[in-house]
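Hi everyone, thanks for coming. I'd like to walk you through a structure that is new to most of you, so have a look at it first.

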Amino acid sequence: MLLFRNVSEERPASAELRIGLALSGGGFRASILRLGVIRRLEELGIMPDVSVISSVPAGSIIAAYYACRMQDKVRSLPSGHLPTIEDRVGFFESIADDFLNATDDNLRTRALVYTPFFHTFSYVKTLLSRPFRQTARSELIQKAYDKWFYHDDTLDELPSVTPDQGQPMPGVIYDPKLILSTISLISGERVSFSTQPVSKFMQMSKVNKNVLPLSRVVGASACMPGLFPPAAIAGDGKRQLQDHEFAFIRLFLSLKDRLERNRLPSEYIPAVTRIRTDLDLFSYIETEAWMYHAYTLVDAQINDYCPKLQKDPPVPLTVPPLFRETADPEARREIIRKILKAGAQNVYLLRCAEKYHRMSWVLGLGGAVGLRWCTWPSRCR
């Protein structure tokens with residue numbers, strides 16, 4: 001994740017500082033990590049001042065979801081009521097819960113393994129239509145995104161109400177401009193999508209008539225080579241950023257030399273960085289570790305690289321229950337270490353076996369019985 005603010009000397013004296021948020025990729029792991037970042041930015045009162053959110057791969061999943069849902073929540077307030085920090089943090093809790101509940105449904109497996117049951121029509125099309133078969137996996141994951149996250153939203157649903165120049169008008173709620181980026185396989189250049197038209201093609205050039213599904217754009221941005229083929233979208237666009245200060249939040253940073261308390265213990269960080277990058281189900285401990293680590297990193301990086309964004313007086317950090325002091329901290333640490341270590345295993349059964357050692361015996365015994373049954377003399381005649 002990257003937080004930056006415009007410090008160009010050519011900026012008009014009357015213009016406010018513009019804050020941007022860049023979200024990188026890495027499967028649902030990255031999306032959950034970003035939730036911790038966003039939570040802290042909301043608590044600090046910085047998130048409402050973000051003018052632009054730019055995202056790639058899995059960062060686009062959470063960026064589009066959070067921006068649209070927060071816009072809905074803010075617009076649901078009574079007329080004339082500007083959301084407070086407490087309002088936005090409360091909205092965040094609701095949005096984050098809904099997002100994590102959706103990820104619990106293991107979208108990748110539903111889309112790819114259980115296609116006949118969840119996407120019957122698309123499954124039949126793969127059997128009958130060769131052109132569709134070539135892009136079927138991308139189509140299926142896009143359907144999953146639409147069902148669980150975007151609910152038929154199009155690019156028009158993205159927030160884009162930002163002041164073009166000068167001072168923002170008092171009493172007006174401004175939303176960040178969201179830019180979803182991917183790469184064109186034709187030109188090799190970056191392609192960016194937002195509510196603004198970015199091509200001369202009919203589908204993309206009509207103002208306020210942008211019917212391109214948000215799930216398709218996110219699917220194109222979050223496609224994984226080898227697993228999900230590229231999505232076919234007509235459109236192109238370029239955007240360059242310069243003269244900025246950066247606060248870079250990355251997963252493997254340790255805060256042991258910068259914060260004594262209220263941080264993810266350093267002993268967990270190597271395991272956290274090795275947890276699988278995937279679009280499947282993650283445990284409570286995995287999600288809490290990612291979110292809390294990102295949440296605390298925001299403060300440290302803003303202090304070092306964007307100090308003008310800090311609030312006075314400082315906003316205290318919230319420690320989630322998982323990382324609060326207990327009567328038996330060593331037992332708690334052992335459980336967390338075991339779960340995080342198991343999270344690096346991509347195979348579900350092996351991951352469960354690492355978490356629950358008794359299951360290893362059950363799997364081993366079941367394998368032995370199955371092998372013996374297959375090699376029984378009466379079956380080999």
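Before I point at anything, one bit of vocabulary: two strands count as paired when DSSP finds at least two bridges between them. Also, please keep in mind that this is a predicted model.

With that in hand, let's go to strand E2, residues 19-23, and strand E3, residues 50-55. Five bridges join E2 to E3, and the two strands run parallel. If you want a spot to look at, find alanine 22 in E2, which stands opposite serine 54 in E3. Now add helix H1, residues 27-43: together E2, H1 and E3 make a β-α-β unit, and a right-handed one.

Okay, is E2 buried or exposed? Five of the five residues in E2 are buried, so this strand is largely enclosed by the rest of the structure. The side chains split two ways: Ile19, Leu21 and Leu23 point one way, while Gly20 and Ala22 point the other way, and all of them are buried.

Let me zoom out for a second. The protein chain comes to 15 helices and six strands. It has 381 residues, and buried residues make up 45% of them. Then there's how the contacts spread along the sequence: take the contacts between residues at least 6 apart, and 71% of those join residues at least 24 apart.

Back to helix H1, and to one residue there, arginine 40. Its relative accessible area is 0%, so arginine 40 is buried. What is arginine 40 in contact with, once we leave aside its neighbours within four places in sequence? Well, there's Tyr295, Val298 and Asp299, and then Val315, Pro316 and Leu317.

Next stop, helix H8, residues 136-150, and helix H10, residues 214-221. Their axes are 9 Å apart, and the helices pack at an angle of about 120 degrees. That makes H8 oblique to H10. As for handedness, H8 passes H10 in a right-handed crossing. On the H8 side the residues in the meeting are Gln142, Tyr145, Asp146 and Tyr150, and on the H10 side they are Leu214, Ser215, Arg216, Val218 and Gly219.

Here's a pair to try on your own screen. Serine 138, which lies in H8, and arginine 216 are 78 residues apart in sequence, yet C-alpha to C-alpha they are 8.7 Å apart in space. Serine 138 has a relative accessible area of 4%, so it is buried.

How many of the eight residues of H10 are buried? Seven, so H10 is largely enclosed by the rest of the structure. The buried ones are Leu214, Ser215, Val217, Val218, Gly219, Ala220 and Ser221. And what do they pack against? The list is E3, helix H2 (57-75), H8, E4 and strand E5 (190-193). So E3 comes up again here, after its pairing with E2.

Now the loop between H8 and strand E4, with E4 covering 177-183. Two residues there caught my eye. Histidine 151 sits in that loop, with phi near 50 degrees, a positive value in a residue other than glycine. Aspartate 152 is found in that loop too, and its phi is near 70 degrees, again positive in a residue other than glycine. How exposed are they? Histidine 151 counts as partly exposed, at 47% relative accessibility. Aspartate 152 counts as exposed, at 62%.

One more backbone detail, further along the chain. The peptide bond from aspartate 312 to proline 313 is cis, with omega near 5 degrees. Where is proline 313 found? In the loop between helix H12 (284-305) and H13.

That takes us to the last stop, helix H13, residues 329-342, and helix H14, residues 348-355. Their axes come within 9 Å and cross at roughly 165 degrees. That makes H13 roughly antiparallel to H14. H13 passes H14 in a right-handed crossing. The residues that meet are Lys338, Ile339, Lys341 and Ala342 from H13, with Arg351, Glu354 and Lys355 from H14.

That's my tour, and I'm happy to go back to any of these spots.

Technical notes:
Residues are numbered from 1 along each chain as its sequence is written. This is a predicted model: local features need pLDDT of at least 70, side-chain atom pairs count only at pLDDT 80 or more; totals for chains, interfaces and linings use all residues. Side-chain values use heavy atoms; hydrogens and water are left out. Buried means under 20% relative accessible area, exposed over 50%, partly exposed in between (1.4 Å probe, protein chains only). Helices (H or I, at least four residues) and strands (E, at least two) are DSSP runs, numbered from the N terminus. A crossover is right-handed if, with the strands pointing away from the viewer, the path from the first strand over the helix to the second runs clockwise. Axes are lines fitted to C-alpha atoms, for helices over the stretch in contact, and angles run from 0 to 180 degrees between N-to-C directions. Angles under 35 degrees count as roughly parallel, over 145 as roughly antiparallel, 65 to 115 as roughly perpendicular and the rest as oblique. A crossing is left-handed if the near helix is turned anticlockwise from the far one by less than a right angle, and right-handed if clockwise. Contact means heavy atoms within 4.5 Å.
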